[in-house]
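Grab the model and work through these exercises with it open. Each one has a task, then a solution in steps.

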Amino acid sequence: MSRYRGPRFKKIRRLGTLPGLTNKCPKAEKYLKNKLRSGKKSEYRIRLEEKQKLRFHYGLTERQLLKYVRIAGKAKGSTGQVLLQLLEMRLDNILFRLGMALTIPAARQLVNHRHVLVNGRIVNIPSYRCKPLDIITAKNEQQSRTLIQNYLNSSPHADIPNHLTLDLLQYKGLVNKIINSKWVGLKINELLVVEYYSRQT
């Protein structure tokens, strides 16, 4: 299944707020009507919707998300917690959390168009896994800095999680450490996502 490119409001009306997908919100009355209309949900549907939240927020294909679940399952610790850490440490998500892009699709476009450096080298792979002490900067060109400055001007810098540090003047972000689960930017029950995939196999 390919990455979703359809109407974004359609997804957040059904699944709730997905800040990585869009920074806009549907009208409250339409959102509430949709919630009331949905009725009682089956256990399968609840697990499916939690999985879809994760997929659409981080902008993943079904195959990509399944791959992350399998990697998390082989790692030490809680599979759900490791899964969230893997997704949060993606380069496109780090740019989004720093405010250097307003959404994860916008961050992905910055990376694909080679506007971003990691430790002084251009990285054009949005799924690149960042590590503690990685330094993320805008390429030292006017176009790159202007694009990122426009995003920074529109971003709420108070919301930057404590595993990241932003230097506004130098268009630079630092990964301090692996993210703690309480700083994940999405209200999600990751155990239900793990359960969803465990019941598919």
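Before we start: contact here means heavy atoms within 4.5 Å. Also keep in mind that this is a predicted model.

**Exercise 1.** Work out how H5 and H9 cross, and which residues meet there.

*Solution.* Start with the axes: those of H5 and H9 come within 8 Å and cross at roughly 105°. Angles of 65 to 115 degrees count as roughly perpendicular, so H5 is roughly perpendicular to H9. Next, list the partners. H5 brings Thr-79, Gly-80, Gln-81, Leu-83 and Leu-84, and they meet Glu-190, Val-193 and Val-194 in H9. Sort the residues of this contact and you get four nonpolar, three polar and one charged.

**Exercise 2.** Find which residues of helix H9 are buried, and what covers them.

*Solution.* In H9 (residues 190-200), the buried ones are Glu-190, Leu-192, Val-193, Tyr-196 and Tyr-197. They span an arc of only 160° around the axis, so they sit on the same side of H9. Flip to the other side of H9 and Leu-191 and Arg-199 turn up exposed. The cover over the buried residues includes helix H3 (43-58), helix H4 (62-74) and helix H5 (79-88).

**Exercise 3.** Put the five strands of the open sheet in order and find the edges.

*Solution.* The order reads E2-E1-E3-E5-E4, with antiparallel pairing. Strand E2 (121-122) and strand E4 (164-167) each have a single partner strand, so they stand at the edges. Now zoom in on E4: its antiparallel pairing with strand E5 (residues 172-175) runs over four bridges, and Leu-166 stands opposite Gly-173 in E5. Finally, helix H6 (residues 91-98) lies across E1, E3, E4 and E5, at about 60° to E4.

Notes. Residues are numbered from 1 along each chain as its sequence is written. This is a predicted model: local features need pLDDT of at least 70, side-chain atom pairs count only at pLDDT 80 or more; totals for chains, interfaces and linings use all residues. Side-chain values use heavy atoms; hydrogens and water are left out. Two strands pair if DSSP finds at least two bridges between them. Helices (H or I, at least four residues) and strands (E, at least two) are DSSP runs, numbered from the N terminus. Axes are lines fitted to C-alpha atoms, for helices over the stretch in contact, and angles run from 0 to 180 degrees between N-to-C directions. Buried means under 20% relative accessible area, exposed over 50%, partly exposed in between (1.4 Å probe, protein chains only). The arc is that of the directions from the helix axis to the C-beta atoms. Angles under 35 degrees count as roughly parallel, over 145 as roughly antiparallel, 65 to 115 as roughly perpendicular and the rest as oblique. Ala, Val, Leu, Ile, Met, Phe, Trp, Tyr, Cys and Pro count as nonpolar, Asp, Glu, Lys and Arg as charged, and the others, Gly among them, as polar.
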